[in-house]
Amino acid sequence: MSEMPAGSREAAAVTQVDAVIVGAGFSGMYLLHKLRGAGLNTVVLEAGDGVGGTWYWNRYPGARVDVESFDYSYSFSEELQQEWEWTERYPAQPELLRYLDHVADRFDLRRDIRLGTRVTAAHYDEAAARWTVRCERGEEYRATWCVMATGCLSSAQLPAIDGIGSFSGDSYHTANWPVEGVDFTGKRVAVIGTGSSGIQSIPVIAEQAARLTVFQRTASFAVPAHNRALEPGEVEEIKNRYPELRDHTRRSMAGVSRVRIGRSSVLEATADERQEVFARAWAAGTLFGLVTSYRDVMTDRVANDRVADFVRGKIREMVDDPDTAELLCPRGFPFAAKRVCLDSGYYATFNRGNVHLIDVSENPIDRLSEHGVVVNGTEHEADVIVFATGFDAMTGSLAAIDIRGRNGRSLRDKWSAGPITCLGLQSAGFPNLFFVAGPGSPSVLSNMVLSIEQHVEWIAGCIGYARERDVISVEATGQAEQDWVRHVNEVSAALLYSEANSWYLGANVPGKPRVFMPYAGGVGAYRKRCDSVAAAGYEGFVLTGGPARSHQVR
Ligand code: NAP
């Protein structure tokens, strides 16, 4: 049953701790701070050679956040939010990584983070009520509590294209970018993929490359970022208003402060009114502006089409060549049913003489050759290929670890038809194992940092509650998770998400079950539900007492 080789087990060092956290991104670092503060001997195991998670790995040119910096930042420390100076609305990856490095130093986190330590297995020993977590190099950690802070978008996906190994030039995946960077000067570059990573990197690569060929299978909807430097007075105002802003975001739909959901229907508005509202949302430069401009954008396909038409009109205004503009116009799925992208010069890039768009929607890429990308029998030569081809989202990084709960049951098997969780926090049969921003929680539909903080605080609260009562195991009940999964499905069924082949549904990974994974009910409603579960003594979870109290604790 076990994938842990017995021979090497004796030889490996075993470390006993109270809690093991897997991943040192936004989630793992805050969790370490919280659990350490609660007196738990805690260790964080991180595959990368630095902290930062998503912002450690995604160093591709043009990488920047798509939620405004003053929202996309920790709120747990008043000192931190007052002392840190964001320079832009949407900071680039180096600034975000500097922020996370600063957090690691400021809260003295590094001494409990093991870098370059990839976790391969986590097995629950029911008799001891402890997890054994095993790493690639053979180290073992034993802990009462195990938290997967492994990220929603951290398992990079290469496409299943024939001949992928035969290309003789350099190739890179955007989510596994070399620390030293890549110099494209004078090179012929091919980019495969036009989701957020492609849309961010293409304008920057185009400025350097001799020739850039973009291979697009599905055009994305992108709205302008209108990124800019933050003015000193503006930063001061935000800092003064943090209590109010954070309070609003915690109760909101998407966890961002500058968005209010429209109360009226697109369908009741006149063409002029619609145009004005959409133009205002476009000018605001936020991910959520158009989707929240009217109340029915995500519930009514006709209403949604009005928004989609508006965006297509904007693309035609920005792209000079009419044929290229038509290819760049997304069609066949609702606006925002796939994650909307933020545009910093993407559409305008196709007006450059050195940039060419190859549509591979009807004629897919045949294969990669030694010299480039072959489509419909034509070889497009390249010196470098950039794969902006996305992730096995939400479950990929969990499936990469051999996680086994009670009776040796594997999480991969349990989730073979789609993830099943209670609140996205736990799965029945896996006591004391928590997920941060797991499937079934708002996570990727929200400001991730806000959702991460909420999960970390809930998990730390639950562990604290258990420890105060001599509880040795906390486990979601099968009934509670069934009820939650039903609710998650009901909420998404009322929305337009299932009309697109998105990574939200696992549709980008061959063979992955088609299940809408995040919770679309909003962060405010979700937080209320989590809080009421906790206030009721962790309703829907079984809390089992230790030897002195070998009974269920309630
Ligand atoms: P993605 O949205 O999944 O995009 C992957 C792209 O690769 C798609 O255009 C896809 O086409 C294409 N592709 C995959 N296999 C292909 C093949 N065999 N032939 C041709 N094209 C192929 O991945 P992503 O761009 O990395 O973004 C993933 C998510 O990460 C985003 O939605 C966002 O949530 C997050 N992200 C955020 C930011 C940010 O702004 N902060 C930046 C980057 C990423 P199809 O659509 O046809 O499958």
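Begin by selecting R36 in this predicted model, a residue that belongs to helix α2, which spans residues 26-37. Show the side chain of R36 together with the backbone of F107 and D108: a polar atom of that side chain lies 3.3 Å from the backbone oxygen of F107, and the R36 side chain also reaches the backbone oxygen of D108, at 2.8 Å.

**The ligand and its shell**

Next, select the ligand and display the residues around it, of which there are 24, with T194, S197, R217, T218 and K338 coming nearest. If these residues are coloured by class, the shell divides into ten nonpolar, nine polar and five charged residues. Helix α6, residues 196-208, supplies three residues of this shell, which is the largest share.

Three polar contacts are worth drawing as distances here. The first to draw is from R64, where a backbone N or O atom lies 3.0 Å from a nitrogen atom of the ligand. At S196, a polar backbone atom is 3.0 Å from an oxygen atom of the ligand, while at S197 a polar side-chain atom lies 2.6 Å from a ligand oxygen atom. With a surface switched on, one can then consider how much of the ligand is covered: on its own the ligand has 910 Å² of accessible area, and the protein covers 87% of it.

Stay with S196 for a moment, since this residue is itself placed in helix α6. Is S196 buried, partly exposed or exposed? Its relative accessible area is 29%, and because that value falls between the cut-offs of 20% and 50%, S196 counts as partly exposed. Now add A222 to the selection and draw the C-alpha to C-alpha distance, which is 8.4 Å for two residues that are 26 apart in sequence.

**The parallel sheet of five strands**

Move on to the open sheet whose strand order is β7-β16-β8-β9-β12, with parallel pairing. The strands at its edges are β7 (170-173) and β12 (355-359), and each of these has a single partner strand, so one side of each is left without a neighbour in the sheet. Viewed with direction ignored, neighbouring strands of this sheet are turned by 20° against each other on average. To follow one pairing in detail, select β9, residues 211-216, which runs parallel to β12 and is joined to it by five bridges; within this pair, T213 stands opposite H356 of β12.

**Strand β4 and its two partners**

Select β4, residues 119-125, and show its surroundings. Five of the seven residues of this strand are buried, and β4 is therefore largely enclosed by the rest of the structure. Its pairing with β5, residues 130-135, is antiparallel and extends over six bridges, among them the one in which A121 has R134 as its bridge partner. The two strands form a hairpin with four residues between them, and in the turn A129 has a positive phi of about 50°. The pairing of β4 with β17, residues 402-404, is by contrast parallel, over three bridges, and here I403 is the bridge partner of A122.

**The antiparallel sheet of three strands**

Another open sheet can be selected as β13-β14-β15, the order in which its three strands lie, with antiparallel pairing. Its edges are formed by β13 (365-368) and β15 (378-381); each has a single partner strand, so one side of each lacks a neighbour in the sheet. From one strand to the next, the twist averages 25°. Between β13 and β14 (residues 372-375), the antiparallel pairing covers three bridges, and R367 can be seen opposite V374 of β14.

**Two loop residues with positive phi**

Most residues other than glycine have a negative phi, and the last two selections depart from that pattern. M394, which is not a glycine, has a positive phi near 70°; this residue is placed in the loop between β16 (384-387) and α13 (396-399). With a relative accessible area of 3%, M394 is buried.

Finally, select N432, in the loop between α14 (411-414) and β18 (433-435). Which sign does the phi of N432 have? The angle is positive, at about 65°, although N432 is not a glycine. Its relative accessible area is 0%, and N432 is thus buried.

Technical notes: Residues are numbered from 1 along each chain as its sequence is written. This is a predicted model: local features need pLDDT of at least 70, side-chain atom pairs count only at pLDDT 80 or more; totals for chains, interfaces and linings use all residues. Side-chain values use heavy atoms; hydrogens and water are left out. Buried means under 20% relative accessible area, exposed over 50%, partly exposed in between (1.4 Å probe, protein chains only). A residue is near a molecule or strand if one of its heavy atoms lies within 4 Å of it. A polar contact is a pair of N or O atoms within 3.5 Å; within protein, one must be able to donate a hydrogen and the other to accept it, and residues adjacent in sequence count only if both atoms are side-chain atoms. Accessible areas come from the Shrake-Rupley method with a 1.4 Å probe; for residues, only the protein chains shown count as cover. Ala, Val, Leu, Ile, Met, Phe, Trp, Tyr, Cys and Pro count as nonpolar, Asp, Glu, Lys and Arg as charged, and the others, Gly among them, as polar. Two strands pair if DSSP finds at least two bridges between them. Axes are lines fitted to C-alpha atoms, for helices over the stretch in contact, and angles run from 0 to 180 degrees between N-to-C directions.
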